[in-house]
Structures are given as structure tokens and as C-alpha cells.
Amino acid sequence: MSVQSKIRGIHYILPSKENILQSGFGHSSWRKELKNLELLTPNSFMLEGKNVVSLHTEAEIDLLIFETCDSTMNRAFRLINEDLLLPWAGVATVQQINGRGQLQRSWVSAPGNLYVSFLLPFSENAERILWNRLLPLLLGHCIRIALNEIGATVSMKWPNDLLQKQDGQWRKIGGLLVEERAGEVVVGFGLNLCAAPQQKQLRANHAFAAGNIMFLDETPRPLGIWSALVKRIKKEYEFTLEKTVPQDFVLQLTPSLLWMGETGILHDGIVEQHVTFLGLAPDGGLRIHGTQGEQVVYSGSISK
């Protein structure tokens with residue numbers, strides 16, 4: 001692979017250890033993916049100014065998998081700057097060192113879960129500016145639909161949380177983050193497959209305990225889940241942009257979001273307000289009614 005070429009297929013970026021299965025890739029969630037090492041093709045190429053070695057396999061998806069990284073989103077943007085990522089190509093890792101969520105909050109990133117960031121294609125849609133404002137909700141919707149299609153019934157909570165009801169209780173099983181830098185949009189996505197944060201690791205005003213996602217008929221592994229999801233996310237994303245206008249999307253999405261029409265608490269990082277969650281504004285903000293009347297907010301978290 002030359003410096004100028006785009007990443008194609010799946011590449012396991014090897015750690016500086018002789019036995020890959022003694023590294024982070026030896027975690028039970030990844031070991032099964034690498035059981036046929038002899039079928040993978042060794043590669044050597046330049047990445048972020050360094051020569052790296054990978055094990056490569058042809059695949060329908062494009063993905064770079066690292067043993068560790070600071071955050072998949074930061075690494076994805078660095079690779080975009082080197083012109084290495086195609087649209088929908090992703091960066092995954094066994095473990096993140098400095099994963100983050102909304103409002104720069106730390107995202108607990110234990111080994112074995114799915115941590116991936118991917119490059120969203122530039123949209124030529126006539127209402128692109130309106131859609132750009134709705135991207136966190138649109139991508140959350142696409143991920144929710146994709147998860148439902150592969151056997152995990154999940155719901156969304158504004159603005160970017162993925163929830164699943166388990167034994168009658170809601171559990172936060174994942175979330176997403178959308179960032180734009182220099183005109184490039186990257187979507188970061190985390191999904192608890194085998195290791196959910198403990199209660200003491202959650203922020204003080206968290207709405208739900210964390211949990212591991214439950215599927216109907218399979219034991220989830222990061223690569224297998226992402227391979228199934230990304231194709232479905234792409235299909236739903238393209239279908240929505242082609243067949244739906246932003247205003248209709250907001251109207252259709254609102255009833256599926258948790259707590260719309262109910263009372264609860266809005267946390268903005270500084271103060272808490274007891275409000276009624278009225279629904280979505282046309283640009284994806286949350287319409288609330290509190291002591292100061294009706295307002296639209298664009299960040300924060302909500303709880304009961």
C-alpha cells in the first residue's frame with residue numbers, strides 16, 4: 001500500500017509484539033476474529049508518518065483496527081488529513097485511552113466493546129444545510145434501525161443515547177458523537193458488548209444504569225457486529241436523504257424518542273431545570289417548557 005492510496009478492506013494494525021494474540025487482540029472478543037491468521041496478508045505502509053505492519057483481508061467494508069488509540073475519532077481525523085479514508089471507512093480499536101462523548105465527557109472504554117469512528121460522505125442533497133443540523137439524530141436513527149434489523153431492539157433518548165429495556169429496566173447500551181472539522185464529518189459510535197461501566201463510573205446525574213446490549217440469537221463480537229451494521233446504516237442513511245425531507249423526518253422521529261410529552265429534568269452542565277419535553281424543533285433542538293416558558297435547547301442531557 002502506498003502513502004497515497006485509500007484504505008481498502010480490513011487491516012489489523014499490529015502492535016510491537018511478536019505474538020499478536022498476546023496483545024490486546026488476544027481479548028476473547030477479538031481472538032475468534034483472528035483465528036485464521038494464516039489467511040491474512042501481511043502489509044507494510046506509512047501511517048501518521050510511521051511505517052506500520054498490518055494483517056489484511058479483503059472485505060466488503062473498509063476498516064483499520066488498532067490495539068489501542070487515544071480515541072477513534074481523533075485517529076480518524078488524522079487519517080482523513082492524510083487522505084487515507086474513503087466515505088464509510090472506519091477506525092476501530094480494542095481499547096480507547098481517552099474516549100469521549102457529548103460535552104467532552106469521558107467515555108469509559110473497556111476492551112471487548114465496539115468503538116468505531118467512520119467518515120460520513122459529503123451530501124449533495126438540496127437541503128444539505130438543514131440535514132447537517134440533524135446529523136446526530138439522523139445517524140442515531142440509522143444506527144437504531146440497523147441494530148433492530150440484526151436482532152437487538154433499542155430506543156433513542158435525545159440527543160444521542162441508545163437504550164435497551166432489560167428485565168423491565170432501561171439500560172444505556174451505547175451512544176454516538178458527530179463532529180465536523182474542516183468540512184469533513186466523522187461519526188463516533190460506542191456499543192457495550194461485554195463490559196458496561198459500573199455505577200460509580202457514571203456521572204452524577206446519569207439517567208440510566210449502563211448495560212451490555214442483548215441480541216436475540218447471537219453472541220456479539222465487535223468486528224462481526226460492525227460489518228453487519230455499517231451496511232445497514234449506509235442503506236438507511238441514503239434512503240432517508242433520498243425519500244424524506246428534514247421537516248418530515250423530525251415529525252416522524254419525535255414519537256420514537258423517549259419521554260417526549262413527559263416531564264423530567266434538563267441538565268446543561270451548570271444547572272438543572274424541571275421541564276416538560278415538548279418534542280423536537282425543526283432543526284433538531286429539544287423543545288422544552290419550564291419556568292421561563294417555552295425554549296429550544298441544543299445540548300445537555302435529560303433524565304426523570
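**Helix α4 and some salt bridges**

Modeller: Helix α4 is mostly covered, with twelve of its 15 residues buried. This is a predicted model, where local features need pLDDT of at least 70, side-chain atom pairs count only at pLDDT 80 or more, and totals for chains, interfaces and linings use all residues. Residues are numbered from 1 along each chain as its sequence is written, and side-chain values use heavy atoms, with hydrogens and water left out.

Biologist: What makes a residue of α4 buried?

Modeller: Buried means under 20% relative accessible area, exposed over 50%, and partly exposed in between (1.4 Å probe, protein chains only). The buried ones in α4 include Leu135, His141 and Arg144.

Biologist: Why is α4 called a helix?

Modeller: Helices are DSSP runs of H or I with at least four residues, while strands are runs of E with at least two, all numbered from the N terminus. α4 covers residues 135–149, so 15 residues.

Biologist: Why is the pair aspartate 83 and lysine 6 called a salt bridge?

Modeller: A salt bridge needs a side-chain nitrogen of Lys or Arg within 4 Å of a carboxyl oxygen of Asp or Glu. Here N to O is 2.5 Å, so the pair counts. Aspartate 83 sits in the loop between α2 and β5 and lysine 6 in the segment before β1, so parts 77 residues apart in sequence get tied together.

Biologist: Why does aspartate 83 count as partly exposed?

Modeller: Its relative accessibility is 43%, so aspartate 83 falls between the two cut-offs. Lysine 6, at 29%, is partly exposed too.

Definitions and conventions. The expected span of a helix is 1.5 Å times one less than its number of residues.
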